Amino acid sequence: MSQKKFRLGQSRTAQDLDSREHYLKERVVESKRRQIRAERLATEVEAHDPNSMLHLPDTAQWSHLPQATIKQRHSQWVDLLLEDGSEIRATLAGKLKGVKLVCGDRVHFSSSPIETMDDKLPGASVVAVLPRRSLLKRGGIDDREPWQLVCANADELWICAAVIDPPLRPGLLERAYVLSLDANMPLRIIVTKRDMASPKDSLPELDAIRDLEIPIIETSAKTGYGLDLLQGLLHNKVVVLLGHSGVGKSSLINTILPGIGLKIGAISKYGTGRQTTTSANWLPTPFGGAIVDTPGIRTLSVRGQSRELLGTVFPEFPPEWLEDPMALDPEDEELGLLYPERLLSLQRLWVEMATRNPNQNVYR
Ligand SMILES: Nc1nc2c(ncn2[C@@H]2O[C@H](COP(=O)(O)OP(=O)(O)OP(=O)(O)O)[C@@H](O)[C@H]2O)c(=O)[nH]1
Ligand SMILES: [Mg+2]
């Protein structure tokens, strides 16, 4: 039996009586709501302006204040790494409203206590952000937030992939290549947990991308294999580690920087959807740079990235294929593809770069 819905505080009879009036009123309210939403979407964020979230205000008037690096971002405050290696916690000054700060940002801070009613709030406050040397970002999940910022002022991106658990997926590596090109940062592929596959296993999953001239380094945090090579690469450099949850990013850092004691996930954790590391963490190294540990990612979105980057990511395809890859069929034997999955990948990235968020609720 279907039951009639009625609102709290309204009797069934009353609702029956003015149902038509009520219906009209609801329609007016809904139309107004739609209008407001449309206005909001007509801003630059709606136009998916890649820089709308990245503008930084002028810092000149704050240059007398000391500088620090954002070590870790929390929702209410940030942990700052000072020049002398010490750390302090700071809030964000109102002047920075609308600026998206990220791990690695260089900031000016004021250590004079700000007036606050809450004793729990830190005494220092960040007042200005310096221009970024580099900015690693990935496509956002929502059109109100076109980009998810990963790290500022880093030199290299190391994408970590385990030989097993979680499985090695070349698709993620291609995506990381797009992001590294966008940020103008060299990319290295770090294969982790090498001890979990036989030494004879040549890792054929990577064959399709071996010709890309991206260095591939095989490592094991358990046996120490390949770690001296990594240490050698860390001199005077800031390196961001990125990869699925559980590939062993934090384990790798714990071995490279003994005594740092980062939290490591349980072996059976893979697939639970929970990350062990929960926010990007800038860790200075004794080699004159830093390693940035990041929370595990599910995927790397390339929404909003330029399609022009695809020519570098897929150099084996003729330029005319890159103009409209969707016209090609990866299963067409006449194309003579050595790795048909690469064309499929190209098509996927091509479409995703121009897509909008499917969850967005636009009335047009
Ligand atoms: N056999 C083996 N296991 C490893 C290796 N490195 C890491 N592990 C294991 O993999 C699991 C996950 O390691 P984590 O270092 O927490 O992985 P993570 O990438 O930092 O994960 P998130 O912080 O969630 O992103 C742990 O149980 C580690 O013991 C390795 O080289 N060999
Ligand atoms: Mg971790």
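**Exercise 1. In which sense do β1 and strand β2 pair, and over how many bridges?**

Step 1. Strand β2 covers residues 78-82, and β1 pairs with β2 in the antiparallel sense over five bridges. Here, two strands pair if DSSP finds at least two bridges between them. Strands are DSSP runs (E, at least two residues) and helices are such runs too (H or I, at least four), numbered from the N terminus.

Step 2. Pick out one position: T69 stands opposite L81 in β2.

Step 3. Look at the connection: β1 and β2 form a hairpin, with four residues between them.

A word on what you are looking at: this is a predicted model, in which local features need pLDDT of at least 70 and side-chain atom pairs count only at pLDDT 80 or more, while totals for chains, interfaces and linings use all residues. Residues are numbered from 1 along each chain as its sequence is written, and chains are lettered from A and ligands numbered from 1 in the order in which they are written.

**Exercise 2. Which strands close into a barrel, and in what order?**

Step 1. Start with β1 and strand β4 (residues 106-110): three bridges join them, and the two run antiparallel. A68 has V107 as its bridge partner in β4.

Step 2. Now take strand β3 (residues 87-92) and strand β5 (residues 124-129), which run parallel and are joined by three bridges. There, L92 has V126 of β5 as its bridge partner.

Step 3. Put the strands together: five of them close into a barrel in the order β1-β2-β3-β5-β4, with mixed pairing. On average, neighbouring strands of this sheet are turned by 55 degrees against each other, direction ignored. Axes for such angles are lines fitted to C-alpha atoms, for helices over the stretch in contact, and angles run from 0 to 180 degrees between N-to-C directions.

**Exercise 3. Is W62 buried or exposed?**

Step 1. Find W62 in the loop between α2 (19-41) and β1 (67-73).

Step 2. Apply the cut-offs: a residue is buried if 20 or more other C-beta atoms lie within 10 Å of its own, exposed if 12 or fewer, and partly exposed in between, with C-beta atoms placed from the backbone. W62 is buried, because 20 other C-beta atoms lie within 10 Å.

Step 3. List its contacts (C-beta atoms, placed from the backbone, within 7 Å). Not counting residues up to four places away in sequence, W62 touches H108, V127 and A128. W62 and F109 are 47 residues apart in sequence, but 8.6 Å apart in space, C-alpha to C-alpha.

Step 4. Return to β1: five of its seven residues are buried, so β1 is largely enclosed by the rest of the structure.

**Exercise 4. What is the strand order of the open sheet, and which strands are at its edges?**

Step 1. Six strands make up this open sheet, in the order β10-β9-β8-β11-β13-β12 and with mixed pairing. Its edge strands are β10 (216-218) and β12 (281-284), each pairing on one side only. Neighbouring strands here are turned by 25 degrees against each other on average, direction ignored.

Step 2. Check one pair: β8 (residues 156-162) and β9 (residues 187-192) run parallel, joined by six bridges. L157 has L187 as its bridge partner in β9.

Step 3. Add a helix: α3 (residues 170-183) packs on the sheet, touching β8, β9 and β11 (238-243), and its direction makes about 175 degrees with that of β8.

How values were computed
Contact = placed C-beta atoms within 7 Å.
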